[in-house]
Amino acid sequence: MGYGILTIFGYLRDFLRDWNIEKCNIATERAQQKDFVPLYQDFENFYNRNLYMRIRDNWNRPICSVPGAKMDLVERVSHDYNWTFSHTGRAVKDVINMGSYNYLGFAENTGPCTDAVAEVTQEYGVGVCSTRREMGNLDSHEELEKLTARFLGVEAAMVFGMGFATNSMNIPALAGKGCLILSDELNHTSLVLGARLSGSTIRVFKHNNMQSLEKLLRDAVVNGQPRTHRPWKKILILVEGIYSMEGSIVRLPEIIVLKKKYKAYLYLDEAHSIGALGPHGRGVVDYFDLDPTDVDIMMGTFTKSFGAAGGYIGGRKELMDYLRCHSHSAVYATSMSAPVAEQIITSMKCIMGEDGTTIGRDRIRQLAENTSYFRQGLQDLGFIIYGNKDSPVIPMMLYLPAKIGAFGRELLKRNIGVVVVGFPATPIIESRARFCVSQPTPKRCWTGP
């Protein structure tokens, strides 16, 4: 009903804009192109100007500090109902950070990671300005790849400068015409884009539903390709470790059983789970105590638990050798800068305990305790919470469109920063607040071994 009322008023306001009674601030069709296929008249554009604009102040808030346990926000105001913003020159201090992916607290401006990064910056600078295959292959890249492979428990690994491109540019190198991709319906956009760019046939199974997945696998094996009924060249299953909008953990043991039964390949995206899940921080494979070699392609990002940027793919050495020659992200993209690589190396060694301390293990344990405590507290208060009990991503359902803006604003008044999520990131009637629990950095952790 709420969306219905907003939609009716949206059409009324569009009518007023057409007659120049109300000023239109958004992009419109040029008069010379009125007979062309419209560029701006789809539903998402209608949603943006009539619904999203009402609560736009809850997003894109600029911060002016590190994304630690507390952060500072740039204060801004709008005098035209969120169409434009102006900064007041003041900052909102000490806002409790409940929305950052800084799960283990390594995205800080003090401590061993920062000291190591500063030293490397002095030696290497901040840019590489070349691809890995030309003049951009650094010794730190090779060190990081060996360390990542050891951390994951696989033969070899590759690192990339962008997490999104790790999926979108590598999946097309792994599958193509004549291949079948089975994708979870709630997979991240990067996985969806990579699957589409590959040219493979895509079929979607219900979220974490093993019956739905097995039915698709069985039909694919029995019937083969459409029309010709030839066997598929390859069947690739795409799943995530932790689903970023649902907080659910993939049912990996059951998927591995199905993958082996039907001779399919498994691509696991551990963007949110690596570092944040499992007793050793090695992700969902560690969480279920599985053999890493049962996952054909292990993918993850360094943008969350490691406080850096970029992504990785791990697996067999033959797979890495193939990707070095065929991955667009490996061949054409500028390589990861040395300071970013050093941040990952230092934080990963801390997680593995190779820095001579127990800081990494302590933070993983504390994150698990914080997650359980916060999730249980919300449930005790009567909120509807999605996701697995061990997931650091905790979605709290809001549903009503008016609650999206109200919830975000009211929490900010109380110096709590939270991410509120609506369409198109979620179904239009499943708006939510997404809490991301992180590990505050105790001062004792920065005093050295």
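**Exercise 1.** In which loop is the place of N208? Determine also whether N208 is buried or exposed.

**Solution.** This is a predicted model, in which local features need pLDDT of at least 70, side-chain atom pairs count only at pLDDT 80 or more, and totals for chains, interfaces and linings use all residues. Residues are numbered from 1 along each chain as its sequence is written, and side-chain values use heavy atoms, with hydrogens and water left out.

Step 1. N208 lies in the loop between β5 (201-205) and α8 (210-223). Helices (H or I, at least four residues) and strands (E, at least two) are DSSP runs, numbered from the N terminus.

Step 2. The relative accessibility of N208 is 11%. Buried means under 20% relative accessible area (1.4 Å probe, protein chains only), so N208 counts as buried.

Step 3. Leaving aside neighbours within four places in sequence, N208 is in contact (heavy atoms within 4.5 Å) with D184, S248, I249, V250 and R251. The N208 side chain reaches the backbone oxygen of I249 at 3.0 Å.

**Exercise 2.** Work out which strands stand at the edges of the open sheet formed by β10, β13 and β12.

**Solution.** Step 1. The order of the 3 strands is β10-β13-β12, with antiparallel pairing. Two strands pair if DSSP finds at least two bridges between them.

Step 2. β10 (393-399) and β12 (419-421) each have a single partner strand, so these two stand at the edges, and one side of each is left without a neighbour in the sheet.

Step 3. Between β12 and β13 (residues 431-436) there are 3 bridges; V420 has A433 in β13 as its bridge partner.

Technical notes. Buried means under 20% relative accessible area, exposed over 50%, partly exposed in between (1.4 Å probe, protein chains only). A polar contact is a pair of N or O atoms within 3.5 Å; within protein, one must be able to donate a hydrogen and the other to accept it, and residues adjacent in sequence count only if both atoms are side-chain atoms.
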